[in-house]
Amino acid sequence: MQQEFKISTNAFKKLTLLYVKSEFDPNGESEIRICKSESGTEVAKQIVDSPKGWHYTCSLQPFTDYTIILHATSIPYAYLHDSCISVFESGMDFIDFDHACPGTSLIVNKTNMRKAYDQPFRNQYHFSSIKNWLNDPNGLCYFQGNYHLFFQMNPFHLHWDTMYWGHAVSKDLIHWTHLPIVFFPQETLKDNKNRKGGAYSGCVVTKPDMLEFYFTRCDTPFVRGPETIELQQEAYSEDGIYAKGEHTIISRRPVGNHDYNFRDPKVIVLDGIPTMMIATTVDGICSVLTYRFNGTKWNYEGIMFEDKTVDCRTFECANLIQDPDSDYCAVICSLQDCSDDRGRKRLSKIYIGKRKGIQLSVEKEQILDFGTGSYALQTLETPVCTYAFGWCVDTYDEFPGTGNISNGCMTLPKQCTLQSTELHIRPAKAVRLLDDYIIYDAPCKKHNRLSVVDNTYRIEASFRKKTTFKYILAENDEQWVGLQYDGNELQFLYGQKDSLPTIQLGIHTEVLKNLEIFVDRSVIEVFVNDGAQFGTKMYFIVNTTHRLSFDFDNPESVIRNKVTMLKNIW
């Protein structure tokens, strides 16, 4: 089967195609040919030879029309790009082969991005990739006037697989511009159906004239074990767009009985010394290891701390938040394949204590997200505050798949503040840029019903004393998602109406001063008592009624209950 598509390069000089053999002709000869439309001259050709899909980049002339000929090949992800500084403002041109008619092309860029993002479960003010799978945020940094957000992605499918690093930039942490893929899987994975891996999570350190990347390369059988290889890599970028100079900086785990899980480097500065945290297990115990840079290489320094009580496969994505006025630190770790006595999965924990050198003496532990809907928190320390993003994850396998072109998004940008043993995680101040118009700000009644144009709004509630209440944030005839408080327990409602969820997602809180609730098309984020605790819940309800309801046993206990519609970020 052969198809032809027309494209115009506009000002771009490079074309990247992520290709795979067509499912309609899996045994046939597959190839991609690129010809100048006017003359028919062939300028590039690629044999499609990888059984699991691969990538191809070629140089083209700007402002030129080309014909792309696909023989027994499909292109799930493609884009035109360049290294010019204007790309930070304009972004790239994505080519949508799936929805274009043969003989034409469908280009998605800033001019029509909002339409491309308008699907029932596509969130409107939470960042997501243009297409297919997204997970961990990586390399959050600020460089030459832009915030940079890198992220794990699978450009081929709606599920996790061999990993790539996507990239986007923002002036305000809210509105994003897509940039080219930064890291692709290693060549050893190209033709091997029995192994997976790619570019796993990591961080970025900024210098005045470059970005320095630190991340894990993984090459593993589908069942992880002693044959799993996880290497710590370094690379750099001078233009903030393309990475180069990749090389291995840590090729093996330290001496001792360390697990094959050994990944997600996070570089911080402790006592003026560049220090790398790596998540792993040691003798089956979840641990965070540390390395320090001596000017020429990274030397192993020892274990920062360990958790002998948690039952999980390994720590992942360790990040550290410092109290600027004391020796207290908070280390946040994601717990792979962990569940607790409530049945909650995808847990992340906060470990708070005093640090001496590279060692943390833990004094306090708590669950990061009582809704267990965010994972792999990535932090950025700035002179003003510490920012963070997490991955909004479908923890309980509720995502319907069919009819969707995107799976996964980032949380809202968060602002983290540690004072002694108290960590507050609030929405970043830039989130106020989302405010559109107020639809409710009046004295509460026992029963309240509001019409919402779209499930994209925020609730700000404050209380003078206890009251039992229930918010129904989205619903149809059979399902709902919401929040209820009985005077001691704050719980997410979800699933079938009028039935207690099998897995209870909530917290014990006898004093409830205020709530801030963000509702998007498939994710809810709740901040409790000025960010002393927060919870995230993904939800997937078809044919929502676009109705918000809230009921209070004692309306006079409510100081304020304000509802604001929020803007689309695209």
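**A walk through strands and rings**

The charged end of K537 sits over the ring of Y494, 4.6 Å from the ring's centre. Keep in mind as we go that this is a predicted model. A similar arrangement involves R122, which lies over the face of Y117 at 4.0 Å from the ring centre.

Rings also meet one another here: a search of the whole structure finds 42 aromatic pairs. Take W165 and F183, whose ring centres are 5.3 Å apart with planes at 75°; an angle over 60 degrees counts as edge-to-face, so this pair is edge-to-face. The pair links distant parts of the chain, with W165 in strand 12 (residues 164-170) and F183 in strand 13, 18 residues apart. W165 is buried at 0% relative accessibility, and F183 is buried too, at 3%. For Y291 and Y300, the centres are 5.4 Å apart and the planes at 55°, so that pair is tilted. Y291 is buried at 4%, whereas Y300 is partly exposed at 34%. Ring pairs also join Y440, F463, F469, Y471, Y485, F550 and F552 into a cluster.

Strand 13 (residues 177-183) also holds T177, which is buried at 6% relative accessibility. The side chain of T177 makes a polar contact with that of K110, at 2.8 Å. Residues that T177 touches include F88, H167 and V169.

Finally, turn to strand 7 (residues 73-81): eight of its nine residues are buried, so the strand is largely enclosed by the rest of the structure. Strand 2 (residues 14-21) runs antiparallel to strand 7, joined by seven bridges, and K21 stands opposite T73. Two bridges join strand 7 to strand 8 (residues 93-95), again antiparallel, with L80 opposite D93.

Technical notes: Residues numbered from 1 in each chain as written. Predicted model: local features only at pLDDT ≥ 70, side-chain atom pairs only at ≥ 80, totals over all residues. Heavy atoms only, no water. Buried < 20%, exposed > 50% of the residue type's maximum accessible area, 1.4 Å probe, protein only. Helix = DSSP H or I, 4+ residues; strand = E, 2+ residues; numbered from the N terminus. Pairing = 2+ DSSP bridges. Polar contact = N/O pair within 3.5 Å; in protein donor to acceptor, adjacent residues only side chain to side chain. Contact = heavy atoms within 4.5 Å. Phe/Tyr/Trp six-rings, centres within 6.5 Å; stacked < 30°, edge-to-face > 60°. Lys NZ or Arg CZ within 6 Å of the ring centre and 35° of its normal. Lists of a residue's contacts leave out its neighbours within four places in sequence.
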